[in-house]
Amino acid sequence: MFTGIVSAVGRVASTSPNGGSGTGDGGRVLRILAPYRGLKKGESIAVNGACLTVEKVLKGGFTVHAVRTTLGRTLIGEWQKGRSVNLERAVRAADLMGGHIVQGHVDGVGTVAGVAEVEDAMLVDIRVPPEVEETTVLHGAITVDGVSLTVNALAEDGIVQVSLVPFTRAHTTLGRLSSGDRVHVEADVLGKYVRQLCRSQR
């Protein structure tokens, strides 16, 4: 489990199909540069909001293996060497819950429909998949590329607007977003359970 509070921005150092193993599973192995200390094999890390398992701990980083299922639900298969990614290690019971409950299960890919500067905020309109839209409420929570954000507006069908404060822009990759960019989105888990409960009562 995560909170959507990015603790570091890493960089993709390399990607390779199946890690060169020739197993034919359709996955990809990524080597990611990160400033973390004390990483352990098997640890979960959210990489742009996708929960991945550390396979190897390397000097200055780690490797993860994104299987075919993950590639089918995310943009990871398109990532190239040099890409910056938001990182968060799994939350501990004693940690501050600064964001919201984030599972690291990407629900879909959204597309930035517009970006506007309004005083000290950056407003970003994101067109989200229907399954994310139906569980999203005004002033509720949404995760964008691993960052916990508050829904600022629901301007039109399929569009979720978030507001980025200066700190978020400076300490995550979101400050570089522009129209047409695609992002990972995860709906609020509470909304998912409410939706399922309502469906079961029909």
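Student: Why is the contact between Glu43 and Arg89 called a salt bridge?

Tutor: A salt bridge requires a side-chain nitrogen of Lys or Arg within 4 Å of a carboxyl oxygen of Asp or Glu. The side chains of Glu43 and Arg89 meet at 2.7 Å, N to O, so the pair satisfies that criterion. Glu43 sits in the loop between β2 (28–33) and β3 (44–47), and Arg89 in strand β6 (residues 84–89), 46 residues apart. Helices (H or I, at least four residues) and strands (E, at least two) are DSSP runs, numbered from the N terminus. The model is predicted: local features need pLDDT of at least 70, side-chain atom pairs count only at pLDDT 80 or more, and totals for chains, interfaces and linings use all residues. Residues are numbered from 1 along each chain as its sequence is written, and side-chain values use heavy atoms, with hydrogens and water left out.

Student: Is Glu43 called buried or exposed, and why?

Tutor: Buried means under 20% relative accessible area, exposed over 50%, and partly exposed in between (1.4 Å probe, protein chains only). Glu43 has 16% relative accessibility and therefore counts as buried. Arg89, at 26%, is partly exposed.

Student: What makes Asp107 and Lys192 a link between separate parts of the chain?

Tutor: Asp107 forms a salt bridge with Lys192, the closest N and O atoms being 2.9 Å apart. Asp107 belongs to the loop between β6 and β7, whereas Lys192 belongs to helix α4 (residues 189–200), so the pair ties together parts that are 85 residues apart in sequence. Lys192 counts as buried at 15% relative accessibility, and Asp107 as partly exposed at 27%.

Student: Why is strand β12 described as largely enclosed?

Tutor: Five of the six residues of β12 (residues 182–187) are buried, so the strand is largely enclosed by the rest of the structure.

Student: How do you know that β12 pairs with strand β7?

Tutor: Two strands pair if DSSP finds at least two bridges between them. Strand β7 (residues 108–118) and β12 are joined by four bridges in the antiparallel sense, so the criterion is met. Val109 stands opposite His184 in β12. Strand β9 (residues 141–144) also runs antiparallel to β12, with three bridges; Thr143 has Glu186 as its bridge partner there.

Student: What is the order of the strands that close into a barrel?

Tutor: Six strands close in the order β1-β2-β5-β4-β3-β6, with antiparallel pairing. Within this order, four bridges join β4 (residues 50–58) to β5 (residues 61–66), and Val54 stands opposite Val64 in β5.
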